[in-house]
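Biologist: I have just opened this one and have not looked around yet. Can you walk me through it?

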Amino acid sequence: METLSTTPHPGPLAPGSQTFDRLTLEKFSLGIGDRFGREGVAQLSALQTAARAGCAIVPVWNKSNREHKLIGTTPAAVRTAAEAAVRTAGWTGAFHVDADHIGLETVGPFLEPCDFFTIDVADFIGKEPGLEDRETVRRSLSRVVGRSLPGLGASITEAKMEAFLSDYAAAVREAGRIHRKIEQARVAGRFIAEVSTDEAQTAQSPEELLLLLAALAGEDVRVQTIAPKFTGRFNKGVDYVGDVGVFAGEFETHVRMLPVAIGEFGLPENLKLSVHSGSDKFSLYRPIREILTRHGAGLHLKTAGTTWLEEVIGLALSGGRGLEVAKQIALEALDHREELSAPYATVLDIRAGELPSPSTISAWDSETFARAVTHQPADPLFNASFRQLLHVSFKLAAAMGPAFLDALDAARGRVETCVTENLLERHIRPLFL
Ligand SMILES: [Zn+2]
């Protein structure tokens, strides 16, 4: 455990200055973790292979407040599971624990166990700000308005700033309030701040991203990674839906904005982009990799949700009781489709007509079940709707309690192989190796 109480408060710092004890997020990091806290070692195994191949990727355990609520787990348990996995695997590098998608109301239980905070202000975007909030953010932006900054086609006009204030001033002020609350508990500089707007209704333009970063700097939010909403759909556990060329253009423009924001606003020098629902976006990995290489840029990519699916696949492949448990979860998921999907509406595209019938599922053997779920888009048995439904069905496994966890233990070897291979072969290799 960290001994935070013995760390002196670094005190106010000049913009851009660093002290030895500032917690800094490394260049490449992956959001990992799993719903039931059992797959840490298998995920670290993938990162250890990457490290041996010369690519340092730092694991960040993440589990959102939403997921904790759905299955009744606590943020402290994530820290415990992460530390145990690090010890067992002999992981010697850095690791972090992310309070994923927290707000002012929900951050409390995350303050002690987490050292990484994903400050989610998407709900405040588009909310008309109060006069004082508007004026405060306006002052932060005065240094950018009317200037032609590198990377932007045209200078930022008064009109653009006013539109930005209407859409974002409330969100920026809220991010400041959350950040200050974390600072009180964690000591300034001893945590990593991410700001996420990925669950906003519309994608941010390059101007909006730059104004957002300027405004966050004005709130003294030491943002090290920012998760914009990109064009296209980032559905859970399946490939990107949208125009890959448009995404690539947008991603590269955002990457170009970051050095401008660092230089102009004194934000941390390691500021990088974060891609949420980043797992399984196979068609984006090549352009992302090319853009990162071209600009020497870093990346944080969240993949935690995909690991639970590998547990289901491993159970199915183990046959016998494991296959029965996988089928039981799938059959219940069909019954509760709407309730399970509701919290994730913006990141799912389940077509009811494409789902297998209960009798079809009951008749499946191990291989057929596994192929329906395994993300091999070219496999004719792969079913993207079924995979997305299972992605949000972990609550059903939680409700099964020991029956699920015992089956998982019995299929341990098989499950771990699935978890490691998925992370290494389908994610880390195309992105980083
Ligand atoms: Zn997110």
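Biologist: Start big. How far apart are the centres of domain 1 and domain 2?
Modeller: Their centres, taken over C-alpha atoms, are 29 Å apart. Keep in mind that this is a predicted model.

Biologist: Where does each domain run?
Modeller: Domain 1 covers 4-305. Domain 2 covers 308-427.

Biologist: How many residues does each domain put into the contact?
Modeller: Domain 1 gives 28 residues and domain 2 gives 27 residues.

Biologist: On the domain 1 side, which elements give two or more residues?
Modeller: Those are α1 (40-52) and α2 (65-71). The largest share, five residues, comes from α1.

Biologist: What classes of residue are on that side?
Modeller: The side of domain 1 that touches domain 2 has eight nonpolar, ten polar and ten charged residues.

Biologist: Let's stay with α1. What span should its 13 residues have, and what does the model give?
Modeller: At 1.5 Å a residue, the helix should span 18 Å. The end C-alpha atoms of α1 are 18 Å apart, so the two agree.

Biologist: Which residues of α1 are buried?
Modeller: G40, A42, Q43, L44, S45, A46, L47 and A50.

Biologist: And what do they pack against?
Modeller: Two strands, β1 and β2 (58-64), and three helices, α3 (75-89), α9 (304-318) and α17 (412-432).

Biologist: What comes after α1?
Modeller: G54 follows the helix, and its phi is positive, near 95°.

Biologist: Any other positive phi, outside glycine?
Modeller: H101 is one, with phi near 55°. D220 is another, at about 60°.

Biologist: Where do H101 and D220 sit?
Modeller: H101 is in strand β3 (residues 96-102). D220 is in the loop between α6 (206-218) and β6 (223-227).

Biologist: Is H101 buried or exposed?
Modeller: H101 is buried, because 23 other C-beta atoms lie within 10 Å, and the cut-off for buried is 20 or more.

Biologist: Why does D220 count as partly exposed?
Modeller: D220 has 15 other C-beta atoms within 10 Å. That count falls between the cut-offs, 12 or fewer for exposed and 20 or more for buried, so D220 is partly exposed.

Biologist: Now the strands. What do they form?
Modeller: Eight of them make a closed barrel with parallel pairing. The order is β1-β2-β3-β4-β5-β6-β7-β8. Neighbouring strands are turned by 25° against each other on average, direction ignored.

Biologist: How many bridges link β1 to β8?
Modeller: Strand β1 (residues 28-32) and strand β8 (residues 299-302) pair over four bridges, in the parallel sense. There, L30 stands opposite L301.

Biologist: Pick another strand. Why is β4 called largely enclosed?
Modeller: Five of the five residues of β4 (residues 116-120) are buried, so the rest of the structure largely encloses the strand.

Biologist: Which residues lie on each face of β4?
Modeller: F116, T118 and D120 are on one side, F117 and I119 on the other. All of these are buried, so both faces are covered.

Biologist: What does β4 pair with on the β3 side, and on the β5 side?
Modeller: With β3, the pairing is parallel over three bridges. D98 stands opposite F116 there. Five bridges join β4 to β5 (residues 192-196), and these also run parallel. I119 has V195 as its bridge partner in β5.

Note on methods: Residues are numbered from 1 along each chain as its sequence is written. This is a predicted model: local features need pLDDT of at least 70, side-chain atom pairs count only at pLDDT 80 or more; totals for chains, interfaces and linings use all residues. Two strands pair if DSSP finds at least two bridges between them. Axes are lines fitted to C-alpha atoms, for helices over the stretch in contact, and angles run from 0 to 180 degrees between N-to-C directions. Domain bounds come from an automatic or database domain assignment. Two residues are in contact if their C-beta atoms, placed from the backbone, lie within 7 Å. Ala, Val, Leu, Ile, Met, Phe, Trp, Tyr, Cys and Pro count as nonpolar, Asp, Glu, Lys and Arg as charged, and the others, Gly among them, as polar. The expected span of a helix is 1.5 Å times one less than its number of residues.
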